[in-house]
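Colleague: I am new to this one, and I would like to understand the words used to describe it. Could you take me through them, with the reasoning behind each?

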Amino acid sequence: MEQVAATRDWVGRSVPRFEDDALLRGRGRFMDDVEPVPGARHAAIVRSPHAHARISSIDCSRALRCDGVIGVITGDDVQRLCKPFAAACASPVPYYAAAIETTRYVGEPVAVVVASDRYLAEDAAAQVDVAYEPLAPQMDVLEAAADPDALVSERRFSYGDPDGAFEQADLTLTHRFAFPAWTGLPMECYGVVADWDPGNDALTAWANFQGPFTLHSVLAAALGLPGAKLRLITPEHSGGSFGIKSGVFAYVALIACASRILGVPVRWTEDRLEHLAASQISAGRSTEIQGAFASDGELLGLRIDAVDDVGAYVRAPEPASMYRMHGSLNGAYRVRNIALRARIAMTNRCPSALNRGFGGPQHYLPIEGLMALAARKLGIDPLELARRNLVTEFPYRTPSGGLYSSGDYHACLDEAERLADYDERREQRRRARAQGRLYGIGVACVVEPSISNMGYVTLVEDPETRARSLPKSGNAEGATLTISPMGGIEVQVCTTPQGQGHATVVAQVVADALGVEPEQVSVQTQTDTGQHAWTIASGNYSSRFSGVGVGAVLRAAGHVGDKLRTIAAHVLESDPEEIVLADNKAHVHGDPASSVSLRRLAGMAHWNPEGLPPGLEPGLASTAYYAAEELQPADGDQITASTENGFVCDIVTVEVDRVTGRAQVLDYVSVHDAGRLLNPLLAEGQVLGGFAHGFGAAMQEAVVYAPDGQLRTDTLKDYLCPTAGDIPRLRSAHLQTPSPVTPLGAKGLGEGTTMSVPSALHNAVLDALERDEPVPLPLTPPRIWELIHP
Amino acid sequence: MKPAPLAYRRAESVEHAVALLGEHGDDVRVLAGGQSLMPLLNMRRLTPSMLLDITRVPGLDRVDGPEVGALVTQFALGEQPGLDDAIGECLPYTGHYATRHRGTIGGSIAFGEPRGELPLVLLTLGGTASVRSVGGEREIAAEDLYTGAYTTTVKTDELLVSTRWPQARPGEGRAFTELAQRHGDFTLACACAAVTVDRGEIVEARIGVGAVADRPLLVDGAARALIGTPAAGAGAQDAIAAAADATTRGIDAYDDHHASARYRRHLAGALVADAARRALDRARRA
């Protein structure tokens, strides 16, 4: 990276969020607050009440006669105007923005009614007469995986010598784990305004999209638009996403079709019923895992047979849930012999895609659950078993190609043990058990990948097929930094923050780079693909901001800082290398009195180009791109799936009430190493948010469908996302082993606890019940009680 | 999530309200607090042709001894001095702090949510509801109020104007308890007990359970297990265990994706034991 003079070290401080003032005063500008184009009409979507049905007819005549109706579009219109959405692998069923002939999940769009307001649109939507012929739904992912028409992909991978490991094992275990689908439940649902421009055959769409911007290409291709004719704009504020809002792209296509056909701008704001039924959920996974252990507890080999349920269609970036963790098949352990059978299957559920942790929670539950079950069989304490197997030497190349650049997993584990007062917990457990109480301790050790390699999803293809396509790799981001004539600093990023506080961290980074105060840095986070420096990898996912988002900002700031030093050297008759940027000034190193203000330098660059050093461009701005290091295209079946990998060690203590089956968390300790923390306050917020998300998956939340495909969790009285009062206190600590790979040494940390918490809580309840079989998630009182009282 | 078209009328008085009900009653929904009704209207799960707003009807927001006006909010009732133990224990479980400021006692009783706490307590305490129509006023015993989930014997031309919650007599103790998966949610099961002790013996008992069936239930078998037993010591403990057992064995419950019928019956029994134990403690001190 360019040399930058850090003068005040804003990075690393717990600077409170600049974003909060507007949000806490109710002055946020969310998708439904912005009126970007006059005269937008309102859409209501007619949705399938059936999980699987043939559409025999759609009669819109009654709806068209309703008050205020502009028009109605159906799946036929969508099919006429669009191509199917592309995904990383071929799918047995083409995926369009609306059902074409057949509906495949409850809530799937069938028609769109556009009217002068939402009330009238909903009134008319109820008058669209759709005749369905119900078909048998497939709700069982294992059955689906055995059905060639529902199996999307199957690949087998082998690293090391799995068969040899199992032959020499003293203990082999086989268990099946199911991770149910769940969701992120953002406060703000999806929102779209689409404005088709018939004069230019172009679309401008506003949507609370979060990236990845690969989906911009998917959307443009589906709409038959060259990329430049799809201008996608995100609003300033987001009511959360947690991955879920990546799926809004499908609705951008749908509402765009309505705008195009009806000749008006169209707004659609998703309501909570629509959101629960038909936005996006995580891929449910069923995993049979086999472990081969030596008698001393060494994990010799793993065989993983995993099936992901992607729901009714393969929605990009699926089938990435399966491959996101591919660089970490070994988890945090030294095991070198691993076999993986990876299958992707379709059922009649809502399509899956990003949800915080994306593949991680599903990946770690079987591995960490296996470790807990093995510890019982081996008679070794689970923390000790983890300790004997953790990766110890860095950098560590995993069997499947992942690179663990740095860390000290044992130090984290030791800290967790100390913080949890582990021996005392074990003693309490002994005493509680002597009284007949159900008291358990759970441990989870997970590696948290960040900054995904754009190429990892290509593992879904075998190497020969993959070789025929353009290689894919890396993860790049762009940013623009501008200094105005009066010295104001503006930074534009395309990291589409969803509440993480990117603007605050960008201001800290720029303040250090240019020797100013963070408050002086105005950070724009609305992203406009028609104006801003985005890349195919832009967006808010895989905890990529602190690495590549910051990388692009730092590079742009470096360019502008270099120019400031060049101008200052000219003014102060010194060398650029001798110029220090600090306190809103440029001064000569060792001679603070010889200085010129930032404002004056900015004024020169804008007002007086003749006064600049000969040959220097006027203006003070830079658009820069930064690509994460260490990310190559897949090599055979090896992939560095992520740039960085943090580490999380959790120890949780629970007590299960024998009478009600309720598991109560008595203590929860989580120790992280996410490299250098750019803002510890925001880091802790991410840990707590991920904890709440993981706690929900472990204890309460699941997207539940009946065998007939009807959605059981269709309102918030049945979908039990935990509220603040339900979430136990988390005691966390951070070790900071700087990343040698990212520009400021940070590793992503937005998803780690979502990955670790379901495993740790599972293992604690398993221990409380002293069980030799996995416990089904979520760990609700009725489910646990049924296990105690079979 | 917008309501279907409906007529909106605001009643100025009880007489006005019952006149409107007399005229339009078949397809009218009464808006008292709206904390259940409005979401159902927004979701179009209810599509009445008229919404009759009684929120500004004067005189219905008073508490007078055991008599609670229909528009008394759940929050306001909870603030009453000398509040009954069972009511006091059930109100914090009734929705959330925010919804209790709008949710009304009359609304909760008239709505007939089978998992509702207030209908169970009214039933267990042997309360009544007063309803008025153009033709006059009548009282409905809580035992005769519910015919199924969300259905009551209040006629379409009648307005529930108040409920009566009999106060505890000397020697009577009461308690309420429940278990929800998430605080403020619909409960997995709830239980209410009212126990009267005289000269060291349980002489009267009423035991109710909620959220296991389509309406709150009185469990006579559980009450019988308690009556005539000692109010303290091993005899009382055995009686409480027998009451719990009678509950688990004696009630039908339903299955859903949250819990099995078997779990609900067991939980109801466990909650009955807890409520009966605490009611008995209070009765001995009363």
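Modeller: Gladly! Let us start with contacts: two residues are in contact if their C-beta atoms, placed from the backbone, lie within 7 Å. Please keep in mind that this is a predicted model.

Colleague: What share of the contacts in chain A with a separation of 6 or more joins residues 24 or more positions apart?

Modeller: Residues 24 or more positions apart account for 81% of those contacts in chain A.

Colleague: And what makes chain A as compact as a globular protein of its length?

Modeller: Chain A holds 21 helices and 28 strands. Its radius of gyration is 27 Å, and the globule rule gives 28 Å for 790 residues; the two values are close, so chain A is as compact as a globular protein of that length. Along the principal axes, the C-alpha atoms fill a box of roughly 85 × 70 × 55 Å. Of the 790 residues in chain A, 60% are buried.

Colleague: Let me try a single residue. Why is Gly291(A) called buried?

Modeller: A residue is buried if 20 or more other C-beta atoms lie within 10 Å of its own. Gly291(A) has 26 of them within that distance, so it is buried. You will find Gly291(A) in strand 13 (residues 284-293) of chain A.

Colleague: Which residues is Gly291(A) in contact with, leaving aside its neighbours within four places in sequence?

Modeller: Its partners are Thr172(A), Leu173(A), Leu299(A), Leu302(A), Leu370(A) and Ala374(A). Take Ala374(A): it is 83 residues from Gly291(A) along the chain, yet their C-alpha atoms are separated by 8.3 Å.

Colleague: Ala374(A) belongs to a helix, I think. What does that helix meet?

Modeller: Ala374(A) is in helix 11 of chain A, which meets helix 12 of chain A. On the helix 11 side are Met371(A), Ala372(A), Ala374(A), Ala375(A) and Leu378(A), facing Pro382(A), Leu385(A) and Ala386(A) in helix 12. By class, that contact has eight nonpolar, no polar and no charged residues.

Colleague: Why are helix 11 of chain A and helix 12 of chain A called roughly perpendicular?

Modeller: Their axes cross at roughly 110 degrees and come within 9 Å. Angles of 65 to 115 degrees count as roughly perpendicular, so helix 11 of chain A is roughly perpendicular to helix 12 of chain A.

Colleague: How do you know that helix 17 of chain A and helix 18 of chain A are roughly perpendicular?

Modeller: By the same kind of reasoning. Helix 17 and helix 18 (residues 598-607) of chain A pack at about 95 degrees, with axes 10 Å apart. Set against the range of 65 to 115 degrees, helix 17 and helix 18 of chain A are therefore roughly perpendicular to each other. Leu564(A), Ile567(A) and Ala568(A) in helix 17 meet Leu601(A), Met604(A) and Ala605(A) in helix 18. This contact has six nonpolar, no polar and no charged residues.

Colleague: Which domains is chain A divided into?

Modeller: Domain 1 covers 20-28 + 476-627, and domain 2 covers 356-453 + 640-777. Their centres are 38 Å apart. In all, 14 residues of domain 1 of chain A are in contact with 18 residues of domain 2 of chain A. Helix 17 of chain A gives the largest share of the domain 1 side, six residues. That side divides into four nonpolar, nine polar and one charged.

Colleague: How many residues of chain A are in contact with chain B?

Modeller: There are 23, and they touch 19 residues of chain B. The chain A side divides into nine nonpolar, five polar and nine charged.

How values were computed:
Residues are numbered from 1 along each chain as its sequence is written. Chains are lettered from A and ligands numbered from 1 in the order in which they are written. This is a predicted model: local features need pLDDT of at least 70, side-chain atom pairs count only at pLDDT 80 or more; totals for chains, interfaces and linings use all residues. Domain bounds come from an automatic or database domain assignment. Helices (H or I, at least four residues) and strands (E, at least two) are DSSP runs, numbered from the N terminus. Ala, Val, Leu, Ile, Met, Phe, Trp, Tyr, Cys and Pro count as nonpolar, Asp, Glu, Lys and Arg as charged, and the others, Gly among them, as polar. The radius of gyration is taken over C-alpha atoms; the globule rule is 2.2 Å times the number of residues to the power 0.38. A residue is buried if 20 or more other C-beta atoms lie within 10 Å of its own, exposed if 12 or fewer, and partly exposed in between; C-beta atoms are placed from the backbone. Axes are lines fitted to C-alpha atoms, for helices over the stretch in contact, and angles run from 0 to 180 degrees between N-to-C directions. Angles under 35 degrees count as roughly parallel, over 145 as roughly antiparallel, 65 to 115 as roughly perpendicular and the rest as oblique.
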